[in-house]
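Reader: I have a new model on my screen and want to learn how to read it. Where do we begin?

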Amino acid sequence: MKQYTVIWEDRWQSGSHHHCLAKRTWIECNDIQEIMESPYGERARYIFEGFQNTLGEKFDPSLVVKATDKISIN
């Protein structure tokens with residue numbers, strides 16, 4: 001398993017206003033292709049090798065997800 005940090009866009013709409021927020025997810029998978037085929041792939045803006053503290057958080061192993069997990073993001 002390889003470790004990646006993905007910065008992706010969380011987008012939502014309230015009324016006529018569109019919002020976008022950068023979010024960070026730590027992902028374990030075999031290769032980047034698995035990320036691109038996951039729900040994160042469509043919204044990924046940056047993918048870094050390794051687990052990075054890109055948004056200033058301390059690394060928390062309990063927050064690591066697998067690209068193959070059946071997840072859904074808004």
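Author: With one definition. A polar contact is a pair of N or O atoms within 3.5 Å; within protein, one must be able to donate a hydrogen and the other to accept it. Keep in mind that this is a predicted model.

Reader: Let me apply that. Which backbone oxygen does the side chain of T5 reach?

Author: The oxygen of G50, at 2.7 Å. That is inside the 3.5 Å cut-off. The T5 side chain also reaches a backbone nitrogen, that of Q52, at 2.7 Å.

Reader: Is T5 buried or exposed?

Author: Buried means under 20% relative accessible area. T5 has 0% relative accessibility, so T5 counts as buried.

Reader: Which strand holds T5?

Author: T5 belongs to β1, which covers residues 2-14. Across from T5, in β3, stands F48. For a sense of distance, take T5 and A44: they are 39 residues apart along the chain, and their C-alpha atoms are separated by 10 Å.

Reader: Now the overall fold. How many helices and strands does the chain have?

Author: Two helices and four strands. Read from the N terminus, the order of elements is β-β-α-α-β-β.

Reader: What holds strands together in a sheet?

Author: Strands of a sheet pair through backbone hydrogen bonds, either parallel or antiparallel. Here four strands make an open sheet, ordered β3-β1-β2-β4, with mixed pairing. The edges are β3 (44-49) and β4 (65-66); each has a single partner strand, so one side of each lacks a neighbour in the sheet.

Reader: Take the pairs one by one. How many bridges join β1 to β3?

Author: Five, and these two strands run antiparallel. One bridge is easy to find: V6 has I47 of β3 as its partner.

Reader: Which residue of β2 stands opposite V6?

Author: T25. So read V6 in both directions: I47 in β3, T25 in β2.

Reader: How do β1 and β2 pair?

Author: In the antiparallel sense, over 13 bridges, with β2 spanning residues 17-29. Find D10 and look across to L21 in β2.

Reader: What connects β1 and β2?

Author: The two strands form a hairpin, with two residues between them. Check G15 in the turn: its phi is positive, about 65 degrees.

Reader: And the last pair, β2 with β4: parallel or antiparallel?

Author: Parallel, joined by two bridges. E28 faces K66 of β4.

Reader: I want an aromatic residue to practise on. What about W12?

Author: W12 lies in β1. At 39% relative accessibility, W12 counts as partly exposed.

Reader: Which residues does W12 touch, leaving out those up to four places away in sequence?

Author: H17, H18, H19, C20 and L21. Now compare a distance. W12 and M36 are 24 residues apart along the chain, with 21 Å between their C-alpha atoms.

Reader: Show me a helix residue too.

Author: Try Y40, in helix α2 (residues 39-43). Its relative accessibility is 7%, so Y40 counts as buried. Y40 and I7 are 33 residues apart in sequence, yet 8.9 Å apart in space from C-alpha to C-alpha.

Reader: How should I read contacts over the whole chain?

Author: Ask how far apart in sequence the touching residues are. Among contacts between residues at least 6 apart in sequence, 68% join residues at least 24 apart.

Reader: What share of the 74 residues counts as buried?

Author: 27% of them. The chain's accessible surface is about 5,000 Å², and carbon and sulfur atoms own 48% of that.

Reader: What are the spans of the C-alpha trace?

Author: About 40 × 25 × 20 Å along the principal axes.

Reader: Last point, charge. How many positive and negative charges are there, and how do their mean positions compare?

Author: There are 9 positive and 11 negative charges, and their mean positions are 4 Å apart.

How values were computed. Residues numbered from 1 in each chain as written. Predicted model: local features only at pLDDT ≥ 70, side-chain atom pairs only at ≥ 80, totals over all residues. Heavy atoms only, no water. Buried < 20%, exposed > 50% of the residue type's maximum accessible area, 1.4 Å probe, protein only. Pairing = 2+ DSSP bridges. Contact = heavy atoms within 4.5 Å. Areas by Shrake-Rupley, 256 points an atom, 1.4 Å probe, with all protein chains shown as cover. Lys, Arg positive; Asp, Glu negative; His and termini not counted. Charge placed at Lys NZ, Arg CZ, Asp CG, Glu CD.
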